[in-house]
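Dear colleague,

Please find below the structure that I am handing over to you. The findings follow directly after it.

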Amino acid sequence: ELMNKRLAFITTILVGISPASFSDVPYVMAENLFFVLMVTAAYLLYKTLTSKSKLAKFIVYPLLIGALTFITYMTKVLGIILLIAMGIMFSIKALESIKMKNSKHSFFKNSLIAFFFVSVFAIVLKFLPLYQYANYLLLKDQNTFAQILFSALFWISIYGGYLILSSGFIPAIKIFSTKSTTAKKRAYLIVLGSLAVAGIVVAMKHNINIAFLNTTIFSLLSGRPLGRYIDYLLPLIIIGGFATINTKINKKATYILSALTIISAILLSTYDLIPINNSSLSIFGAARIILEKLVGQVELLSTSYFLICIVAAMIAIMIIGASLKCKKVTSIALILVALFMITNTINYSIAIYNSETYWYNGEQMQLGLWINDNKEMRGKTILIDEKYEGKLLKLDQNALHEARSATILGFWIRNPMKIGNTQDLKG
């Protein structure tokens, strides 16, 4: 609907090899399902705006979106983003309807729909469990308005630049600075923009609530970016970018977005951009690791700190320059393929190193492998002592289980497992 078959084929390949899709596969995490559900939800939202059939527009798609929102929420609590995005999306449509001939009817209809999703969001916050993500949505009383505002603007710019860089720059520039577009592409932009705003706000709230840990100005920059909370947007940005690849872009918007990208790259370079939280920008994380090996540990405002910032800016400028210089779709696609494959190679290398160094050769992991390979142990229930509870960390593996929900020992074991009192074998 948005592009021809050739562009659709190229876009499919790019989405498939993008780090957000490709690099998370080795990890047993909800993100692998969550991303698929979010992209599917985005498609259904788009069809709701563009469908000409009243049956599909007002009954079929809304029912499917409702069911998918529930499934997404149960997969990962961040699925609540869909409710926020739908409220934003129909608010935009309500404002747009003012210019239409049947403005009163359209404005009332879209406003009512927007109010409905905002109300559902409020009900979810009040009655449904948000588990550990509750603090991402509620402000802490001790934070002043100035602190909240400064931190919010900082993290909004950080996550905005993260999305632009992670998508390979040119797709984001194309979709967000295009001059003219069709009705369908505009509808897609509304869906993408609504999801982006909702996702960045929720991700940003995490950083606001942990930002103010001491009295120095640099406490506002504490915490860390969590790119995996917004990585689901990257396939949508790539699709939208290639849907508008042949349209003219606004030069002023391009300059502004380019500046934001370079500044974000500099600020992001001061963090550890490695899997799994920031897989899409691990190329910057790898550059930092190499520099630290050469010049030593990075300290705030040290020479090595500024050196890393310069290198990050150079990488960002190279990506921007290469993207803007290319005019042909094939050339742009090849640059993105190269960028994504380098990033994926870094991610898999880090995953393999991390696994071999910290996990695979550990005592509990090896015991689990031995139990799984031992024929005499097959079918027997494995009892883990409940007394040895604690946080399971790669540098501290003394605990046997974490909150009765995770064990190192059981990663490879196919036997039935139980965490309980070893002194009460009958129970």
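Is the crossing of helix 8 and helix 10 left-handed or right-handed? Helix 8 and helix 10 cross in the left-handed sense. Please bear in mind, here and throughout, that this is a predicted model.

**Helix 8 and helix 10**

Two packed helices are described by the angle between their axes and the distance between the axes. For helix 8 (residues 170–177) and helix 10 (residues 233–243), the axes come within 7 Å and cross at roughly 65°. Angles of 65 to 115 degrees count as roughly perpendicular, and helix 8 is therefore roughly perpendicular to helix 10. On the side of helix 8, the contact is made by P171, A172, K174 and I175. Helix 10 contributes I237, I238, G240, G241 and F242. Sorted by class, the residues of this contact are six nonpolar, two polar and one charged.

The loop between helix 7 (145–166) and helix 8 holds F169. The phi angle of F169 is near 75°, which is a positive value in a residue other than glycine.

**Helix 1 and helix 14**

A second helix pair is formed by helix 1 (residues 5–17) and helix 14, whose axes come within 9 Å and cross at roughly 15°. Because angles under 35 degrees count as roughly parallel, helix 1 is described as roughly parallel to helix 14. The crossing of helix 1 with helix 14 is left-handed. From helix 1, the residues in contact are R6, L7, I10, L14 and I17. From helix 14, they are V329, T330, A333, L336, V337, F340, M341 and N344. This contact has ten nonpolar, two polar and one charged residues.

**The largest pocket**

The largest pocket contains about 2,300 Å³ of space. It is lined by 44 residues, of which Y27, I276, N354, W359 and K394 are the closest to its centre. Two elements give two or more residues to this lining, namely helix 12 (282–295) and helix 14 (329–360). Helix 14 gives the most, with eleven residues. Helix 14 thus appears both in the lining of the largest pocket and in the contact with helix 1. By class, the lining comprises 25 nonpolar, ten polar and nine charged residues.

I276, one of the residues closest to the centre of the pocket, is placed in the loop between helix 11 (251–268) and helix 12. The peptide bond that leads from P275 to I276 is cis, and its omega is near 10°.

With kind regards

Note on methods. Residues numbered from 1 in each chain as written. Predicted model: local features only at pLDDT ≥ 70, side-chain atom pairs only at ≥ 80, totals over all residues. Heavy atoms only, no water. 1 Å grid on protein atoms, 1.4 Å probe; cavity = no way out; pocket = protein on both sides within 12 Å on 5 of 7 lines; lining within 4 Å. Points joined across faces, edges and corners; volume = space filled by probe spheres on them. Helix = DSSP H or I, 4+ residues; strand = E, 2+ residues; numbered from the N terminus. Nonpolar A, V, L, I, M, F, W, Y, C, P; charged D, E, K, R; others polar. Axes fitted to C-alpha atoms, helices over the stretch in contact; angles between N-to-C directions. Parallel < 35°, antiparallel > 145°, perpendicular 65-115°, else oblique. Left-handed = near helix turned anticlockwise from the far one by under 90°. Contact = heavy atoms within 4.5 Å.
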